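I opened this notebook to record what I looked up, one topic at a time. I begin with the bound ligand and then turn to strands and the backbone.

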Amino acid sequence: MRHTTLKPFPKDFLWGASTSAYQVEGANLIDGKGPSCQDVKKVPEGTSELDICADQYHRYKEDIALMAEMGFKVYRFSIAWSRILPKGTGEINPKGIEYYNNVINECLKYDMVPLVTMFHFDMPAALDERGSWSNPESVDWFLEFARVMFENYGDRVKYWLTINEQNMLTLVGPMIGTMVLPKDTKNVLKEIYQQNHHMLVAQAKAMALCHEMLPGAKIGPAPNISLVYPATCKPEDMIAAQNFNAVRNWLYLDMAVYGKYNNIVWSYLEEHDALPTFAPGDAEALANGHPDFIAFNYYNTATVEADDGTVVEGGDQQSSKGITGMAKTFPNPNLQKSQFGWEIDPIGFRATLREVYSRYRLPIVITENGLGAYDKLEEDGRVHDPYRIEYLAKHIEQMHQAISDGVEMIGYCPWSAVDLVSTHEGIRKRYGFIYVDRDDFDIRTLDRYRKDSFYWYKKVIASNGEDLSPEFTVE
Ligand code: BG6
């Protein structure tokens, strides 16, 4: 559909950006915080440890003031489970509670909505030792954590996200340092999808608990959604695209919204003797959890062809190689790639928004979207990142088109507010509007610098998404 005029962004549209605790805070074992899976993992060779990151734990006031200067209406951040419950359950760490109280209050000081991710890739190490998500008790562990958050922050936090990218935890967990399987695991696929099932039940129960304890609050899932294209118009490729869409995307949203397993994924698991075991009450719990909105992270689309028997599984969040018997990924010749090999597809963003909205009819907030690049701090104290401005402008333009297509959007939080440590490629893969003076091994000053994209995004927010031209004013 070619629009002659575009509908404006909603008047109270939530412009902001995102971070996650384990990637930005640092202070990973300070003030009573227990270790998470990220603190005990072996980091990929050549990348930073996660002990300092951007040191936001000690610099949150400066960071939030800079976000306010950009005009943020929202800041999406996550709460580190093991900072408030060092062992995952039981004893509460008052210093941890205090830290997030301070962060929330600092946001509110600037009228910035805190959008809180409950769980972003950082399972407490003590719970991994107790069987991680394989243990059926993990559902109760998560609910205990949810209750502590709702009790302590529910008076001020009105928007909650359950589990960040549960689909990536399931599909590429080892790459992001999150998957712990029991030693005697025989059927790996079955175990992974049992873990996935426990997360789905935990999410559904957390949504119900949120509605019970905090009637005015809203809560939703936050998967990573990439619409999947068939490589050609061959019918076999279309079936492969439907398979990959089901296993990568719809399983998670069908479950969050309808409380039902996607039929294609269910059949796939059945054929591999990998169906999850339901505990008594799971089916009811899944049916009783209702999201108020859908949040999703978007980096690019995926393209697949029929599996010819040569699929090698693996990859990362955006460059998966496919799934045996389901689909084989195919490099899309129409798309350019980032410096880190991820395809770039702004029009696919519009297509993904349209598809998600027409399937689920819930308002959408984008909780990640952005360009990881090698940024350079110049002699003049500036970071010139026109490539990021171009990337974001093209995506916002397509989001505007999607709004004009009738998609109900409530906010946009690109990745990331501040430079932080990437999941597996170190801090050299930067995403922020705010540059942090350090590299993977030299911690330097950790001082903050406004990138060109900082000034540009400030202008975009001030114009409520109308002015996307590359010009900006440095004040
Ligand atoms: C998402 C995650 O997968 O993508 C973030 O939610 C992550 O935690 C972001 O940092 C970008 O990925 P990467 O691998 O470049 O850090």
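**Entry 1: Polar contacts of the ligand.** I first fixed the term: a polar contact is a pair of N or O atoms within 3.5 Å. I also noted that this is a predicted model. I then looked up H120 and found an N or O atom of its side chain 2.8 Å from an oxygen atom of the ligand. With the cut-off of 3.5 Å, I entered this pair as a polar contact. For N164, I read a distance of 2.9 Å between a polar side-chain atom and an oxygen atom of the ligand. For E165, an N or O atom in the side chain lies 2.6 Å from a ligand oxygen. I next asked how much of the ligand's accessible area the protein covers. The ligand has 380 Å² of accessible area on its own, and the protein covers 100% of it.

**Entry 2: The ligand's surroundings.** I looked up where the ligand sits, and the space it takes is the largest cavity. There are 16 residues around the ligand, and I recorded Q23, E165, T423, K429 and Y431 as those that come nearest. I sorted the shell by class and obtained five nonpolar, eight polar and three charged residues.

**Entry 3: An open sheet.** I traced a sheet of four strands, which is open, has mixed pairing and follows the order β6-β8-β10-β9. Which strands stand at the edges? They are β6 (228-230) and β9 (322-323); each has a single partner strand, so one side of each is left without a neighbour in the sheet. I then examined the pairing of β6 with β8 (residues 302-305), which is parallel and has three bridges. Within β8, T303 is the residue opposite Y229.

**Entry 4: The partners of β14.** I looked up strand β1 (residues 14-18) and found that it runs parallel to β14, joined to it by two bridges. Here W15 stands opposite Y412 of β14. Strand β13 (residues 364-368) also pairs with β14 in the parallel sense, over three bridges. In β14, G411 is the residue opposite V365.

**Entry 5: Two backbone details.** I recalled the general rule before reading the angles: most residues other than glycine have a negative phi, and most peptide bonds are trans. Between W415 and S416 I found a cis peptide bond, with omega about 10 degrees. I placed S416 in the loop between β14 (409-412) and β15 (434-436). For C53, a residue other than glycine, I read a positive phi, near 50 degrees. I placed C53 in the loop that lies between α2 (37-40) and α3 (56-70).

Definitions and conventions: Residues are numbered from 1 along each chain as its sequence is written. This is a predicted model: local features need pLDDT of at least 70, side-chain atom pairs count only at pLDDT 80 or more; totals for chains, interfaces and linings use all residues. Side-chain values use heavy atoms; hydrogens and water are left out. A residue is near a molecule or strand if one of its heavy atoms lies within 4 Å of it. A polar contact is a pair of N or O atoms within 3.5 Å; within protein, one must be able to donate a hydrogen and the other to accept it, and residues adjacent in sequence count only if both atoms are side-chain atoms. Accessible areas come from the Shrake-Rupley method with a 1.4 Å probe; for residues, only the protein chains shown count as cover. On a 1 Å grid over the protein atoms alone, a cavity is a set of points where a 1.4 Å probe fits but cannot get out, and a pocket is an open set with protein on both sides within 12 Å along at least five of seven lines; lining residues have an atom within 4 Å of a point. A molecule sits in a cavity or pocket if more than half of its atoms lie within 2 Å of its grid points. Ala, Val, Leu, Ile, Met, Phe, Trp, Tyr, Cys and Pro count as nonpolar, Asp, Glu, Lys and Arg as charged, and the others, Gly among them, as polar. Two strands pair if DSSP finds at least two bridges between them.
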